[in-house]
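User: I should like to learn how to read unusual backbone features and nonpolar cores in a protein model. Please take me through them in turn.

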Amino acid sequence: MAADRRLAAAGPYLPAELIPDIARHLTSLQDFFALRAACRSYRAALPPSRAVLAAQPPHLLVPHSSGALALLHLPRRRLLRFRFGDPLPFSGAVLASDGARVVTFDRLTREVAVTHLLSGERVRVPDAPFLFSRAVLAGDLVLLISPGWVQYCCLGDGRWREACCRLGDGGLCHGANALHMMVGMRSVNGVLYVLLNTCRLAVAELLDNKVELVLLGGEVDEHVRDAWMESRDFMLGECAGEPLLIFKVSLKPAYKVFHWDSGEERWVRTMSLGRRTLFMSGDRFDAWFGPDTPGIRGDCIYEALPRAAGWSEYSLVDGICQIITIEYQGAPEVNVARSHVWVFPSLF
């Protein structure tokens, strides 16, 4: 009988070939990793991938007093027992995230690190430039943006290149053309879009030592200018393959969103995202999700709170903003600045 118990413990209860089908129905990373840790054959059958994580909702990565990092499950609104040992160097500033990878920068060592949030795989790029305003993660490229220049590096190459920004007519994006300065960049369906400080949109072609910009449409209309005047920040985002212009209104927790109408070549105000959801962290746009994700409100903007464990939910439909905070054992003190990162397993 003891031998039978040892034999039962040595082998999986279910055949390993059935485990991926079971994993596709799990809605918590804690359950996924518990199943994966049951035995070696299960672990081999469940590499973290989009195919087996499709049903996973968004999570929020938060600091923990143990020195590890913890996950908040959004629909359940509670902390998972699962802990990350050291998935990213939080001693550095979080520059960008796409829900699967995160870019951090250590100003003391001038090192940029790109870390995969589930596998822990990390690529380090030394000797990063000091002067830049925003970072962009586009496929295998890390781009550090300043108004008239781009410093970029191909992961695995380890060498930074400098590219001067030029308009399609050959003019520089500074000096005589100082009105055209880059404030954001994003890859949408393989097209590299640039947002200028005038809220105009451009398409960028990245060459060895220059970024060639082709302006789209004409000057922005009064609706965009009015939103610009009453906002404290604006950024370039995307949803369902369309570039978005997102304004954070300064007088109250509110947002105004414009989508790019490629037919009319202009920004158009939108109050609906087709039941999809936008996710942001501070002055960063991270990703979009949906539609109809269980436990996640559609046509909303979720933004991680900078000094508490939680997020805000702003409805584009009715303009109502809700603040959700989660208290958990091991959380940093109240009002301590922290870096939160959205984790989207289904995007892996």
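User: Where is proline 291 found?

Analyst: In this predicted model, proline 291 is found in the loop between strand 21 (284-289) and strand 22 (300-304).

User: Is the peptide bond from glycine 290 to proline 291 cis or trans?

Analyst: Most peptide bonds are trans. The bond that joins glycine 290 to proline 291, however, is cis, with omega near 10°.

User: Which sign does phi have at arginine 110 and at aspartate 127?

Analyst: Most residues other than glycine have a negative phi. Arginine 110 is not a glycine, yet has a positive phi of about 55°. The loop between strand 5 (101-106) and strand 6 (111-116) holds arginine 110. Aspartate 127, also not a glycine, has a positive phi of about 60° and lies in the loop between strand 7 (122-125) and strand 8 (134-138).

User: Why does aspartate 127 count as exposed?

Analyst: Exposed means over 50% relative accessible area. Aspartate 127 counts as exposed because its relative accessibility is 54%. Arginine 110, at 29%, is partly exposed.

User: How many residues does the largest nonpolar core have?

Analyst: In soluble globular proteins, nonpolar side chains tend to be buried together. Here the largest nonpolar core has 24 residues, and Phe32, Leu35, Leu46, Leu61 and Leu117 have the most contacts inside it. Helix 3 gives the most to this core, with four residues. A second, separate core has 20 residues, including Leu72 and Phe289.

User: Which residues does leucine 46 touch?

Analyst: Leaving aside residues up to four places away in sequence, leucine 46 touches Ile19, Pro20, Ala23, Phe32, Leu35, Arg36 and Val52.

Notes
Residues are numbered from 1 along each chain as its sequence is written. This is a predicted model: local features need pLDDT of at least 70, side-chain atom pairs count only at pLDDT 80 or more; totals for chains, interfaces and linings use all residues. Side-chain values use heavy atoms; hydrogens and water are left out. Helices (H or I, at least four residues) and strands (E, at least two) are DSSP runs, numbered from the N terminus. Buried means under 20% relative accessible area, exposed over 50%, partly exposed in between (1.4 Å probe, protein chains only). A nonpolar core is a set of buried Ala, Val, Leu, Ile, Met, Phe, Trp, Tyr and Cys residues joined through side-chain atoms within 4.5 Å. Contact means heavy atoms within 4.5 Å.
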